[in-house]
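Hi everyone, thanks for coming. Today I'd like to walk you through one protein chain, going from the whole chain down to a single residue. Please have a look at it first.

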Amino acid sequence: MAQMVLHFGWTWVGIIAAEDDYGKYGIKDFKDQVEEAGVCISFSETLPKVSSPAAIQRVVQTIVESTAKIIVVFSSDVDLSPLISELLRHNVTNRTWIASEAWITSALINQPGVSPVLAGTLGFGVKRAEIPGLQRHLLDLDPFADPLTEEFWETVCFHTVYHQPEALFFAKLRIVSMGNLYCLFNCTLDYGKALRMAREVNRTLSRAGVPDGLCTGTESVAQLSNTYSDVSQLRITYRYGELFPLSVYKAVYAVAHALHHLEHCEPGNGPFVGKSCADITNFEPWQVSADIYTADGLHMLVQSFVLETQHLCLQLMYYMKNVHFKVPNTEEEIYFVDGDIEGYYDIINWQLGGDGEISYVTVGHYNGSAAPEDRLHIRNDSIVWNNDESTPPRSVCSENCQPGTRKGIRQGEPVCCFDCIPCADGEISNTTNARECILCSGDFWSNDAHDTCVPKIIEFLAFGEPLGITLIVIAALGALLTIAVGVVLILHIDTPLVKANDPLLSFSLLFSLVVTFLCSIVFLGEPQHWSCMTSQVALALGFALCLSSIMGKAAVLMLRAQALKAARLKAKAAAKAAKAAAENVANGGGPDVIATSTINNEASTFPTPEKDILTCAHQRTIAMVATLVQVIACTVWLIILPPHPVKNTSAQNIKIILECDEGSIVFICCVFAYDIVLALLAFVFAFIARKLEDHFSEAKCVTFGMLVFFIVWISFVPAYLSTRGKFMVAVQIFAILASSFGLLFCIFLPKCYILLVKPERNKEEMMKPRPKPRDGTTTGTSASLATTATEINASTAVDDQD
């Protein structure tokens with residue numbers, strides 16, 4: 001029964017047992033086997049031996065409330081019958097009953113109308129036997145052969161209202177089961193009894209003086225349509241206390257084989273002390289006669305039997321324990337294991353026939369002597385389940401957890417009751433009812449169903465994807481524009497505008513911008529050792545050259561602005577002094593006062609601001625030295641801890657991001673911090689020189705360019721930190737391109753505008769400082785100071801003439 005439950009995959013069953021040894025020990029063995037295999041018991045109830053409606057009602061209520069669809073019953077039909085009646089009254093259906101051999105073929109249970117409850121019942125019946133000649137022998141019995149057959153004949157064939165033949169039969173007969181036998185002959189073999197019965201019913205004697213109730217012994221037992229003459233269902237070994245012929249058949253053969261071995265024991269090769277054999281001649285048949293089964297004198301007979309045959313029985317018991325034979329007509333192997341034999345059962349299914357009656361259909365067999373994997377044979381397609389279903393019912397506390405989930409135990413409930421918990425990301429379960437989820441290895445991740453580990457997505461910003469193509473086009477466009485600007489400058493290299501801005505520094509600046517534009521392309525594609533080193537180092541060196549060139553230009557502009565500021569202050573003071581002197585001359589009228597020489601002398605002592613302190617050679621040296629420092633730093637970086645490609649598996653669970661590891665955070669911070677310092681210096685120098693009053697103010701262009709540079713990189717930092725994968729690279733490339741375009745447009749677009757659109761402004765005088773009135777006085781740059789002095793001298797000459 002346990003193997004059947006496991007065969008159909010039922011993990012949630014209820015059990016009912018009779019309150020006797022048969023039920024208790026049967027259920028105990030069943031529970032031990034199924035629980036070891038992972039089956040859970042929904043409920044366990046006992047059927048009372050004494051009528052108890054309350055107890056039966058409790059069992060019914062338990063069955064109704066339980067979700068188990070499979071109920072295993074170890075009970076006799078007498079104990080089970082009240083429960084079936086109550087289940088019918090409550091209309092408890094949709095249950096499949098697993099029957100023990102004690103009631104699977106019981107006529108007491110299989111009554112008309114039980115099909116709603118018991119249809120589809122599956123159980124084990126002792127193998128049915130067909131013993132040749134048995135029926136003929138039973139029908140040809142001679143009632144006068146011995147006292148036993150005479151008593152049987154009277155029990156079967158004598159029936160009055162004063163007797164209870166069924167009870168008499170069960171009390172007297174211990175060999176065969178007759179069921180409810182009511183005599184059709186209505187006679188007796190006892191002459192005196194027949195005479196008394198004739199008088200009681202006012203019968204008369206026959207012509208021969210024989211009472212009518214006296215049997216002749218020639219009556220036909222075949223007329224009795226009962227279980228006595230039906231030898232087709234010789235299954236159950238125990239029912240109402242009587243033994244059925246099949247078990248007697250086996251028992252007789254077992255004793256016969258034991259006696260045969262005992263008789264043919266060879267002296268000197270026996271199994272007893274000194275290799276002796278038992279003496280079969282001391283075995284008396286009367287000691288095991290049928291009288292031992294009667295109630296009267298049972299104790300005395302047993303005592304006598306034990307005392308007189310104790311030694312012989314012990315000898316015979318040895319052969320009984322070691323007997324091994326096949327039962328004729330059934331081919332069932334008989335041998336004893338711990339005092340019992342291996343079971344051989346037919347698997348019986350209760351199927352509802354066309355007439356509405358339940359029939360027993362054999363759908364398999366169980367052979368306990370076979371190998372464990374070959375013991376149970378069931379033809380599943382031959383079984384008709386309850387409600388005429390063709391598929392086995394499901395009886396589980398919780399449905400199976402499918403792959404991708406794991407079992408979560410419910411506190412306080414059996415292990416068969418659980419919740420199915422989905423596996424976490426990165427974990428899978430590829431079996432049904434998995435207890436734990438399996439963690440995928442480093443380069444793998446769980447699929448959407450969480451039942452398979454799949455390779456993680458390899459992510460990098462490829463050349464061929466739309467974003468990569470877009471960035472390549474923008475970078476190439478920036479490089480081409482930069483080259484175009486260089487070509488324009490080369491074509492106009494002899495013009496005043498190009499000469500005034502140190503062409504070599506301009507070309508170095510353009511070259512560095514080409515480098516920054518093109519190095520952004522190296523960030524694309526799958527990271528390699530060379531690409532990681534080239535991209536980072538080229539970016540650092542490109543910006544270093546660019547910013548150092550801008551810083552050299554800005555330094556000159558700053559010093560020029562400071563010199564002009566000083567000249568402007570002195571010119572302003574000289575103008576005030578000349579004006580005061582002129583006023584004094586005019587007011588005093590003294591012709592001897594001459595201020596011109598003094599003013600001219602002071603004016604002649606002014607510095608010459610058109611001559612810059614830093615020459616072109618100085619600017620180039622500054623740019624070269626600043627770039628050389630970055631070259632040294634990058635070289636040390638590449639030697640000690642160079643950038644290298646890595647697989648980043650921690651940033652995103654489902655992806656492996658191929659990226660460049662900087663090698664050393666300290667080095668990369670130092671390298672790019674140096675570029676930031678150069679940018680700050682260039683911005684400060686340009687900002688100081690922003691008010692330089694030239695016709696073409698390059699200081700303002702540099703200031704705007706550096707502002708764009710800082711705005712781009714300041715906004716880049718949070719954007720870079722908030723992205724992952726290829727978009728992080730895209731943000732970095734965008735920052736490089738945006739800052740490069742900002743410097744290119746802010747610094748060189750005004751120059752190209754003049755060179756290409758306004759060539760009339762590209763003249764020598766347009767490159768000189770221009771005067772600018774301030775506070776009613778004439779002030780200006782270094783070139784305007786000479787103009788101020790000339791105006792003062794002219795004013796003084798007019799006063800002298802007056």
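I'll begin with the overall picture, then turn to the cores, one helix and one serine.

A word of caution before anything else: this is a predicted model.

So, what does the secondary structure of the chain come to? There are 21 helices and 22 strands. The chain has 802 residues, and 43% of them count as buried. Its exposed surface is about 41,900 Å², with carbon and sulfur atoms supplying 59% of that area. Now think about contacts between residues with a separation of 6 or more: 69% of these join residues 24 or more positions apart.

Let's go inside. In soluble globular proteins, nonpolar side chains tend to be buried together. Here, the largest nonpolar core has 59 residues, and the members that touch the most others are I550, M706, F709, I733, L743 and F748. Which elements give two or more residues to this core? They are α12, α13, α14, α15, α18, α19 and α20. Of these, α20 gives the largest share, with 15 residues.

Take F709 as an example. If we set aside its neighbours within four places in sequence, F709 is in contact with F543, L547, A679, S739 and L743. You'll recognise L743 from the list of members touching the most others. There is also a second, separate core, made of 27 residues, and M4, I27, I347 and I383 are among them.

Next, helix α12, which runs from 466 to 491. Here is a little check you can do yourselves. The helix has 26 residues, and at 1.5 Å a residue it should span 38 Å; the end C-alpha atoms are 37 Å apart, so the two values agree. Which residues of α12 are buried? They are G468, L471, A475, G478, A479, T482, V485, G486, V488 and L489. An α-helix has 3.6 residues a turn, so residues three or four places apart point the same way. Keep that in mind as you read the buried list again. Those buried residues pack against α13, α14 and α20.

Last stop: S664, in the loop between β20 and α18. Is S664 buried or exposed? With a relative accessible area of 10%, it falls under the 20% cut-off, so S664 is buried. Its side chain reaches the backbone nitrogen of F667 at 3.3 Å. Not counting residues up to four places away in sequence, S664 also touches W637 and L641.

That's my tour, and I'm happy to take questions.

Technical notes: Residues are numbered from 1 along each chain as its sequence is written. This is a predicted model: local features need pLDDT of at least 70, side-chain atom pairs count only at pLDDT 80 or more; totals for chains, interfaces and linings use all residues. Side-chain values use heavy atoms; hydrogens and water are left out. A nonpolar core is a set of buried Ala, Val, Leu, Ile, Met, Phe, Trp, Tyr and Cys residues joined through side-chain atoms within 4.5 Å. Buried means under 20% relative accessible area, exposed over 50%, partly exposed in between (1.4 Å probe, protein chains only). Helices (H or I, at least four residues) and strands (E, at least two) are DSSP runs, numbered from the N terminus. Contact means heavy atoms within 4.5 Å. A polar contact is a pair of N or O atoms within 3.5 Å; within protein, one must be able to donate a hydrogen and the other to accept it, and residues adjacent in sequence count only if both atoms are side-chain atoms. The expected span of a helix is 1.5 Å times one less than its number of residues. Accessible areas come from the Shrake-Rupley method with a 1.4 Å probe; for residues, only the protein chains shown count as cover.
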